[in-house]
Amino acid sequence: MEMVLQNMIKKFYEAMKEPIPEGMDAIYEISLIGLLKKYLEDKRYAIVFDDVWRLEFWGFIKYNLDFIMFTIFNHYPLKARGKLFCKKAFQGSGCRSELKKISIDIVKRCAGLRLAIVAIGGALSTKQKNELEWQKFNDSLGSQLETNPHLESITKILSFSYNEPHILKPCFLAEEYLNELIHRSLVQLSEVDDVGRIKRCKVHDLMREIILKKAEGLNFCHVLGDEDLSFNGKFRPGSVQKGTNTIVVEPINRNAQIHSLLLSDIDAVPMLLTGISFTNFKLLKVVDFEDFPLYSIPKDLGNLFHLRYLSLRGTKVNMLPKSIGKLQNLQTLDLKQSLVDALPVEITNLKKLRHILAYSYHLNPEGLFFTARGVHIGEGIGSMLDLQNLCYVETNNGRGLIEELGKLRQLRRLGIVNLMEEDEPSMCASISNMKYLEPLVILSKDDGILNLQTISDPPRYLRTLTLQGGLSRLPDRLPVLRSLFRVDLVNSRLSYDPMEVLQALPNLLELLLYNGLKTLKIHEGALPVLERLEIQPSQQMEVPSGICLLKTLTMIGFFGMPREFAYSMRPQDGQNYHIVEHVPNVFFHEFHADGRKILRLG
């Protein structure tokens, strides 16, 4: 308050080109009020205090000064508040219909204060535009505005945006930080996954050089390779080690302070690891062996007490040592495309583990779609309450394991492999407990029958659903999942047109039907935002005429159909060309003994 008054008085004197009273910075607020009143006694004036958030400041000024004063608290009309919020949160692109309700709730909690609306809208602009992300954001605000609309509540809410750092943490990139870097064009997005999450990023070559120089100057990391094998041992928070021979072993072993070890482009990894003892690196937090010719992990892995991230993705490792149960701080275990098919029972000791990514994909014999293999996990997994990603789990271990999955109420992503028909009721009950699931993959054993009708309360934030196996009918509750943007049905062998149910999904962007469709009737207004459609019809099926009603389609693919089917859609003479002429990309996938052939219309 004193600073505001001091600055205001100084501005008055400067404007009138008068000398500023000496000792102004040492005068307390009561004396400042007296000085201000004396200065303004014989003058006509109007003072505007903009964005006054502290009510005690407003009361103090009003009580001590008897001049005319305009105070602006910026209490916007409700309609103007919404427009301002949408402008900030959606960067001028307009509010999405599925986020309208949550947007109204957030704006209401800002109590009409412009700065709060702008700050929170700006924070949301860097997050994914889906209901789950925004609901989590809203929940984190607490009830401050609702219980106390004065200074403390507003300050606490704004601090949420203010305290979000614009720097990367040494070992982990939280998604909101990465979104912020992309938003600022410091990082380039190169690939997203099926649910729109960031999968791969890159930086420009020049930016990479700048980052490496900056990191080296801060002793943040060091790169070892054929051109540079010098190492002064001062690099502590993170270290990237590269090379083509075991000469790098000695400099690595000399630095017990390394926090991160990322190995790439190394030809002699088994020899390299023979010379490295994890006992020397008790401060390691990140170990990444992705895509190396690595066949085993040292047994002293358990000595890495601070380890948070371990990746064996794409390696030849087929077994984890029991000592992995000692990694009490491990948060991410990436075994994708490795040979590990079972997790040791000690894995259930890792109560901080959030992400178990353990699956591999293989094309089915026809080359049409991928089949997945998961990992076997023993009972006890229900005690790992922090798990958010669990992909994929082989469920043929029995009903006990499936019932334990229902205890994992924080799961965001779940993949189930080899689900047997007799275990489906237990699986449905467990899924009903997973309120925050976004992607869900269920593969039945030997493409058997899937019966998911007993899911009493499907996850409302579900975004992608993949079902592989026979379906007598689609789940009755499917149309209530308004957040669904992708559905894959593989070998479902439905006896009726799935569009009867699917056309009610308002936000579906991608629909993949690999199941020998006999009919596909698309009505006016169905799937209003669909962009991608892939279907494997039966050999007798004609081109679905309703495709012409899907005005937002950007790609359509037909699988395993005779050449005449494709010819009927040729631009020059195809009688069905008018059905697909609005679609920019139309593909035909043919399967032959020597592999798949893809034809493009046009």
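**Exercise 1. Which side chain meets Asp457 in a salt bridge?** Find the partner, then place both residues in the chain.

*Solution.* A few ground rules first. This is a predicted model, in which local features need pLDDT of at least 70 and side-chain atom pairs count only at pLDDT 80 or more, while totals for chains, interfaces and linings use all residues. Residues are numbered from 1 along each chain as its sequence is written, and side-chain values use heavy atoms, with hydrogens and water left out.

Step 1. Apply the rule: a salt bridge needs a side-chain nitrogen of Lys or Arg within 4 Å of a carboxyl oxygen of Asp or Glu. Lys435 is the partner of Asp457, at 2.5 Å from N to O.

Step 2. Place the pair. Asp457 sits in the loop between E17 and E18, and Lys435 in the loop between helix H15 (424-432) and strand E16 (439-444), 22 residues apart. Helices (H or I, at least four residues) and strands (E, at least two) are DSSP runs, numbered from the N terminus.

Step 3. Check accessibility, where buried means under 20% relative accessible area, exposed over 50%, and partly exposed in between (1.4 Å probe, protein chains only). Asp457 is partly exposed at 36%, and Lys435 is partly exposed at 35%.

**Exercise 2. Describe the salt bridge of Glu131 and the part of the chain that it reaches.**

*Solution.* Step 1. The partner is Arg460, with the closest N and O atoms 2.7 Å apart.

Step 2. Glu131 belongs to helix H7 (residues 131-140) and Arg460 to the loop between strand E17 (449-450) and strand E18 (464-468), so the bridge ties together parts 329 residues apart in sequence.

Step 3. Arg460 is partly exposed, at 48% relative accessible area.

Step 4. For context, the rule gives a count of 12 salt bridges.

**Exercise 3. Characterise the largest cavity by volume and lining.**

*Solution.* Step 1. On a 1 Å grid over the protein atoms alone, a cavity is a set of points where a 1.4 Å probe fits but cannot get out, and lining residues have an atom within 4 Å of a point. The search finds 2 cavities of 30 Å³ or more.

Step 2. The largest has a volume of about 150 Å³, a volume being the space filled by probe spheres set on the points.

Step 3. It has 15 lining residues, and Leu452, Ile455, Pro458, Pro475 and Leu481 are the closest to its centre.

Step 4. By class, the lining of the largest cavity holds 12 nonpolar (Ala, Val, Leu, Ile, Met, Phe, Trp, Tyr, Cys and Pro), 2 charged (Asp, Glu, Lys and Arg) and 1 polar residue (the others, Gly among them).

Key
On a 1 Å grid over the protein atoms alone, a cavity is a set of points where a 1.4 Å probe fits but cannot get out, and a pocket is an open set with protein on both sides within 12 Å along at least five of seven lines; lining residues have an atom within 4 Å of a point.
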